[in-house]
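Visitor: I would like to learn how to read a protein model one feature at a time. Could we go through it together, starting with how strands pair?

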Amino acid sequence: MTDHAATDAALAAEIATHAGELLLELQRSGRFEGRELGDVGDARADALILERLRAARPGDCILSEESADVGDRHCAQRVWVIDPLDGTRSYSEGRREWSVHVALVEDGVPTHGAVALPTRQETWRSDRPSALGSAQRKPRILVSGSRTPVEADALAAALGGELIRMGSAGYKAMAVLRGDADIYYHSGGQHEWDNCAPAAVALASGLHCSRIDGTPFRYNRADTLVPDLLFAHPDWAERALAAIAAL
């Protein structure tokens with residue numbers, strides 16, 4: 001890893017952590033509630049992240065969920081892909097399941113990134129890989145609590161696993177990395193900012209991360225839609241892909 005690469009990863013972690021602290025402070029202030037809290041949180045975290053990135057990396061492009069997309073950024077070599085508040089609904093309802101995503105994509109590949117989980121006081125980062133624990137004999141399968149895939153129950157039955165509904169893509173992906181679950185499955189469509197930083201962090205630690213047909217992720221495309229994904233402990237990846245293909 002070059003010094004510049006290490007600096008990129010550290011920058012992602014620092015910015016994600018600070019944005020998470022801002023969001024926690026705002027949530028605890030009691031000044032806003034419900035949807036207004038989510039809207040204000042999204043806007044303020046986005047402003048902080050953009051300001052920090054533009055100051056530190058003025059030559060790079062940025063793709064953010066909460067800011068206007070720049071039409072030619074998909075032609076750039078280096079693009080920061082950010083989600084200032086992943087799991088806005090959970091955040092606005094005072095639940096734990098939300099996260100902050102900051103990732104660097106180089107030539108379509110998520111090379112560095114960080115996922116902050118402020119309610120857990122954790123920031124997972126690509127330059128500090130985590131040792132994976134043992135997979136469970138009966139896999140714990142995470143799916144969206146608000147947009148559960150229609151085939152989720154069939155997948156759990158095929159793998160003999162337990163289905164767990166949870167908010168925030170980043171929160172779910174880091175739960176697999178932490179060892180609290182074995183598989184994170186989604187087929188209802190997301191955007192690049194939902195899963196880019198989680199993929200950067202998870203791949204660095206050896207998790208399987210791909211589309212549900214096994215195709216590797218490619219980021220900074222003109223169309224930001226990511227139709228589906230699979231994050232899995234390596235011991236479950238092949239069996240999960242086979243079970244999904246058979247659904």
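Visitor: Which residue in E12 is the bridge partner of Tyr185?

Guide: Please keep in mind that this is a predicted model. To read a pairing, one looks for bridges between two strands and then for the residues that face each other across them. Here the partner of Tyr185 in E12 is Leu230, and strand E8 (residues 183-186) is joined to E12 by 4 bridges, with the two strands running antiparallel.

Visitor: Which strand pairs with E12 over 3 bridges?

Guide: That is strand E10 (residues 208-210), which also pairs with E12 in the antiparallel sense. Leu230 appears once more in this pairing, as the bridge partner of Ser210.

Visitor: Are the residues on the two faces of E12 buried or exposed?

Guide: For a strand, each side is read separately. In E12 (residues 229-232), Leu229 and Phe231 lie on one side and Leu230 and Ala232 on the other, and all of these are buried, so that both faces are covered.

Visitor: Which residues touch the most other members of the largest nonpolar core?

Guide: A core is read by asking which buried nonpolar side chains join into one set, and then which elements supply them. Of the 32 residues in the largest core, those touching the most other members are Val81, Leu142, Met174, Tyr184, Phe217 and Phe231. Among the elements that give two or more residues to this core are strand E2 (78-86), helix H6 (192-204) and E12, while the largest share, 7 residues, comes from H5. A second, separate core has 28 residues, including Leu37, Ile62, Leu104 and Ala114.

Visitor: What does Leu142 touch, leaving aside residues up to four places away in sequence?

Guide: Its contacts include Ile164, Met166, Ala175 and Val176, together with Ile183, Tyr184 and Tyr185.

Visitor: Why does Gln136 count as partly exposed?

Guide: The reading rests on relative accessibility: Gln136 counts as partly exposed because its value is 35%, and the partly exposed class lies between under 20% for buried and over 50% for exposed. Gln136 sits in the loop between strand E5 (122-125) and strand E6 (140-144), and, beyond residues up to four places away in sequence, it touches Asp182 and Trp236.

Visitor: How does the radius of gyration of the protein agree with that of a compact globule?

Guide: The protein has a radius of gyration of 17 Å, which agrees with the value near 18 Å for a compact globule of 247 residues. Buried residues make up 53% of the 247 residues, and the secondary structure comes to 7 helices and 12 strands.

Notes. Residues are numbered from 1 along each chain as its sequence is written. This is a predicted model: local features need pLDDT of at least 70, side-chain atom pairs count only at pLDDT 80 or more; totals for chains, interfaces and linings use all residues. Side-chain values use heavy atoms; hydrogens and water are left out. Buried means under 20% relative accessible area, exposed over 50%, partly exposed in between (1.4 Å probe, protein chains only). Two strands pair if DSSP finds at least two bridges between them. Contact means heavy atoms within 4.5 Å. A nonpolar core is a set of buried Ala, Val, Leu, Ile, Met, Phe, Trp, Tyr and Cys residues joined through side-chain atoms within 4.5 Å. The radius of gyration is taken over C-alpha atoms; the globule rule is 2.2 Å times the number of residues to the power 0.38.
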